[in-house]
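Q: I am new to this structure and would like to learn how to read it. Could you walk me through it, feature by feature?

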Amino acid sequence: MAASALPPAANLPVAAELAASLGRARDDALRGSSGPVEIDASALQAVDTSTIALLLELGRRAAAARRAERVTGAPPKLEDLARLYGER
């Protein structure tokens, strides 16, 4: 399945818009195939705790649909925040 790509900025100022966009992409992915819901984070440059909150919520919704969520290309700051939240 094709990955949903995060934009360069995925932080609080754009969180609501991004949540809606990724939610639609996730819903499409859940209807379209049986593999993991993939999020491409390779373009990310601006991240904060809202990025983690958004990814955790997407992961919970994917899990509710009995699907895995896979984030690829995570930049070091996103990896650091994920570890802080106990997610990596």
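A: Gladly! One term will help us later: two residues are in contact when they have heavy atoms within 4.5 Å of each other. Please keep in mind that this is a predicted model.

Q: Then let me use that term: which residues of α2 meet which residues of α3?

A: On the α2 side they are T49, T51, I52 and L55, and they meet L78, L81 and A82 in α3. Sorted by class, this contact has five nonpolar residues and two polar ones, with no charged residues.

Q: At what angle do α2 and α3 pack?

A: The angle is about 70°, and the axes of α2 and helix α3, which covers residues 76-84, are 10 Å apart. Angles of 65 to 115 degrees count as roughly perpendicular, so α2 is roughly perpendicular to α3. As for handedness, the crossing of α2 and α3 is right-handed.

Q: Now the sheet, please. How do strands hold on to one another in general?

A: Strands of a sheet pair through backbone hydrogen bonds, and the pairing is either parallel or antiparallel. Here we have an open sheet of three strands in the order β1-β3-β5, and the pairing is parallel. At the edges lie β1 (4-5) and β5 (69-72), each of which pairs on one side only.

Q: How many bridges link β3 with β5, and how many link β1 with β3?

A: Strand β3, residues 37-40, pairs with β5 in the parallel sense over four bridges. Between β1 and β3 there are two bridges, again in the parallel sense.

Q: Which residue in β5 stands opposite E38?

A: That is R70. You can trace other pairs as well: V37 has E69 in β5 as its bridge partner, and S4 stands opposite I39 in β3.

Q: Where does helix α2 sit with respect to the sheet, and which strands does α2 touch?

A: Helix α2, residues 49-64, packs on the sheet and touches β3 and β5. The direction of α2 makes about 145° with that of β5.

Q: Let me finish with a single residue. Is S50 buried or exposed?

A: The idea is to look at the relative accessible area: under 20% a residue counts as buried. S50 has 17%, so S50 is buried. You will find S50 in helix α2. Leaving aside residues up to four places away in sequence, S50 touches A10, N11, L12 and A15.

How values were computed:
Residues numbered from 1 in each chain as written. Predicted model: local features only at pLDDT ≥ 70, side-chain atom pairs only at ≥ 80, totals over all residues. Heavy atoms only, no water. Pairing = 2+ DSSP bridges. Axes fitted to C-alpha atoms, helices over the stretch in contact; angles between N-to-C directions. Parallel < 35°, antiparallel > 145°, perpendicular 65-115°, else oblique. Left-handed = near helix turned anticlockwise from the far one by under 90°. Nonpolar A, V, L, I, M, F, W, Y, C, P; charged D, E, K, R; others polar. Buried < 20%, exposed > 50% of the residue type's maximum accessible area, 1.4 Å probe, protein only.
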